[in-house]
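Okay, thanks everyone, let me get the model up on the screen. I'll take one small spot to begin with, then zoom out to the whole chain.

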Amino acid sequence: MKKSIELLKQNNELKIIDEELDIYLEIPHLAYAEVKKENGGKALLFTNVVDKKSGKKFKESVLMNIFGSYKRCELLFGRTIESVADEITKLLHMKPPAGFFDKLAMASELFSLKNIFPKKLKGSGPCQEIKYLDEDIDLYKLPVLTTWEQDGGPFITMGQVYTQSLDGEMVNLGMYRLQVYDKNHLGMHWQIHKDSSHFFDQYQKAGKKMPVSVAIGGDPLYTWCATAPLPYGVNELLMYGLIKKENVKLVKSITTPLYIPQDVDYVIEGWVDTSEMRVEGPFGDHTGYYTLAEPYPVMEVSAITTKTDPVFLATVVGKPPLEDKYMGWATGKIFFPLLKTTAPDLIDYHMPENAGFHNLILAKMKPLYKGHAKQFMHAFWGAGQMSFVKHAIFLDENAPKLEEYEAIAAYVLDRFTPKSLFITEGILDALDHSSPENLVGGKLGIDATTAHTVEAPQLLDDKELFAKVKEVIPEAVDLHQFMKKTKNPITVIPLKKKKNVKNYFDALVELSTHIRVVVFVDDAKNDILNPYMLVWRVTNNIDALRDIFISGLMVGLDGTNKNMLDGFNREWPDDVDCTSSVIDSLKRRSLWDLDEKLYQKYQL
């Protein structure tokens with residue numbers, strides 16, 4: 001990490017904070033505020049780290065927000081993200097050489113790939129300079145952060161989790177949150193679709209314990225590789241070799257058969273008893289909600305090794321925008337060529353940060369025939385991690401740039417009718433809280449490749465329309481209309497909900513000459529003049545099979561929190577919110593410098 005810290009310093013991308021700060025809430029809250037700033041703020045190095053509950057003072061620094069800007073991503077990659085994508089495209093389209101000079105060119109290309117494969121070294125590495133074994137093992141010696149007040153405990157948030165198949169033929173590098181239960185046990189939050197979970201199933205069937213090594217730090221690119229959506233069985237560290245043009249140097253863990261990069265800052269080794277599960281969570285996650293406590297596998301730590309002078313790497317998740325916005329940007333660009341092999345008519349795609357990635361995707365394609373967009377939706381929902389996308393909007397090649405949200409919204413709304421909707425059911429991310437059952441729920445596709453002819457409604461101003469709405473929905477608290485110049489304006493109505501929202505939608509049918517798309521939200525915790533956070537709330541809260549209503553040309557979306565009124569029997573999680581007393585304390589010490597307008601906009 002020291003090389004990366006120097007690189008960030010040289011490029012004015014690092015802020016060093018020497019004031020004493022607590023691993024409980026204080027450090028994460030400052031990092032959470034920093035990434036909300038323009039261009040992601042700075043990377044933060046906390047040099048005076050304490051655990052006020054135990055009175056412990058840590059020798060190491062904590063580094064956060066390292067990937068939190070486009071500039072920092074490219075600095076850490078050592079090249080432009082586009083150049084990596086171009087290289088993958090070239091490899092995918094490599095053709096047999098036609099002549100002598102083609103053969104020379106191909107030989108040169110292939111020779112450049114010689115360093116792509118990780119290299120196993122003999123002996124130990126810098127990451128094993130200090131060893132803790134047996135009674136000396138203590139996870140509380142590490143400055144593991146507790147990010148949110150309702151979190152189940154401290155969580156390692158940027159751990160590189162190394163696992164291997166039962167036969168040792170396949171290895172995997174993933175990144176999962178890891179809860180510290182006590183001094184020698186970690187919770188393994190690998191979801192059922194992850195490679196490590198597939199390996200776990202193999203060990204469980206064989207009745208054997210599963211080896212795991214968790215690394216923290218080292219070259220930041222290792223951490224990004226842990227998030228790379230590669231096919232099952234492909235070693236994620238190959239991406240390091242492809243990007244850096246040098247192999248990762250690996251050393252063997254001292255108590256497991258797994259190999260880890262020699263220059264990481266920490267290694268936590270251990271074994272998962274496949275017969276044991278323990279409740280993990282809650283955890284304030286990147287959806288902006290707490291994921292609920294559920295049973296997950298447990299790792300018993302068999303060794304902890306570190307560099308002599310390590311730096312602890314961490315991230316913070318919650319409501320957008322977050323550090324994963326920039327990591328996701330790099331991932332999307334780099335793996336776009338691979339996605340095109342599944343969907344060759346795809347021109348571009350984009351996941352808006354305020355929809356938490358899997359909650360909404362915008363995709364531009366070249367439609368070739370009637371129904372092509374709907375066929376495309378099936379391809380998307382069957383392609384790797386794209387299968388977890390809840391809502392997808394497909395546009396043709398004439399649409400504006402996908403990052404131009406207002407222009408995109410106008411383009412979609414001017415050609416939209418209820419016929420544009422495609423609702424189905426499929427697999428969901430384990431973090432999704434809105435579906436009636438875990439892991440499966442409704443999915444919505446919108447075909448905006450076809451322009452439907454539709455007359456605009458008879459517009460009323462907000463005050464006049466609200467008066468009419470209030471007559472039929474007494475629980476309506478306010479009203480605001482967005483995109484009023486389009487043929488399908490969006491009307492947002494906050495409610496003090498007393499019944500199923502479908503009843504409120506039905507009550508509006510008599511006003512359908514004035515309303516096209518109506519979105520219902522709870523009055524509490526929603527600002528109807530803040531479209532950024534409304535998109536966050538609604539894409540999180542709807543299940544397409546349950547929460548979309550149609551009457552003629554009018555479409556309704558129920559973006560409220562669900563409860564027994566909705567036949568919702570699961571527990572509904574709380575929003576992830578900062579602890580006000582912690583912010584007040586940071587302000588008194590002149591450490592909290594987030595502009596109040598940003599604080600309100602992002603609803604911290």
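So, which residue follows α3, and what is the sign of its phi? It's G78, and its phi is positive, near 80°. Keep in mind as we go that this is a predicted model.

Let's stay with that helix for a moment. α3 covers residues 70-77, and its buried residues are R72, C73, L76 and F77. If you look down the axis of α3, those buried residues fall within an arc of 135°, so they line one face of the helix. And yes, there's an arginine in that buried set, R72.

Okay, zooming out. The protein chain has 17 helices and 31 strands, so α3 is just one of those helices. How does the overall size work out? For 604 residues, a compact globule would have a radius of gyration near 25 Å, and the protein chain has 25 Å, which agrees. The C-alpha atoms fill a box of roughly 75 × 70 × 50 Å along the principal axes.

On burial, 57% of the 604 residues are buried. As for contacts, take the ones between residues at least 6 apart in sequence: 72% of them join residues at least 24 apart.

Now the outside. The accessible surface comes to about 25,000 Å², and 54% of that belongs to carbon and sulfur atoms.

Last thing, charges. I've got 71 positive and 82 negative side chains in the protein chain. The centres of those two sets lie 3 Å apart.

How values were computed
Residues are numbered from 1 along each chain as its sequence is written. Side-chain values use heavy atoms; hydrogens and water are left out. Helices (H or I, at least four residues) and strands (E, at least two) are DSSP runs, numbered from the N terminus. The radius of gyration is taken over C-alpha atoms; the globule rule is 2.2 Å times the number of residues to the power 0.38. Buried means under 20% relative accessible area, exposed over 50%, partly exposed in between (1.4 Å probe, protein chains only). Contact means heavy atoms within 4.5 Å. Accessible areas come from the Shrake-Rupley method with a 1.4 Å probe; for residues, only the protein chains shown count as cover. Lys and Arg count as positive and Asp and Glu as negative; His and the chain ends are not counted. The place of a charge is taken as NZ of Lys, CZ of Arg, CG of Asp or CD of Glu. The arc is that of the directions from the helix axis to the C-beta atoms.
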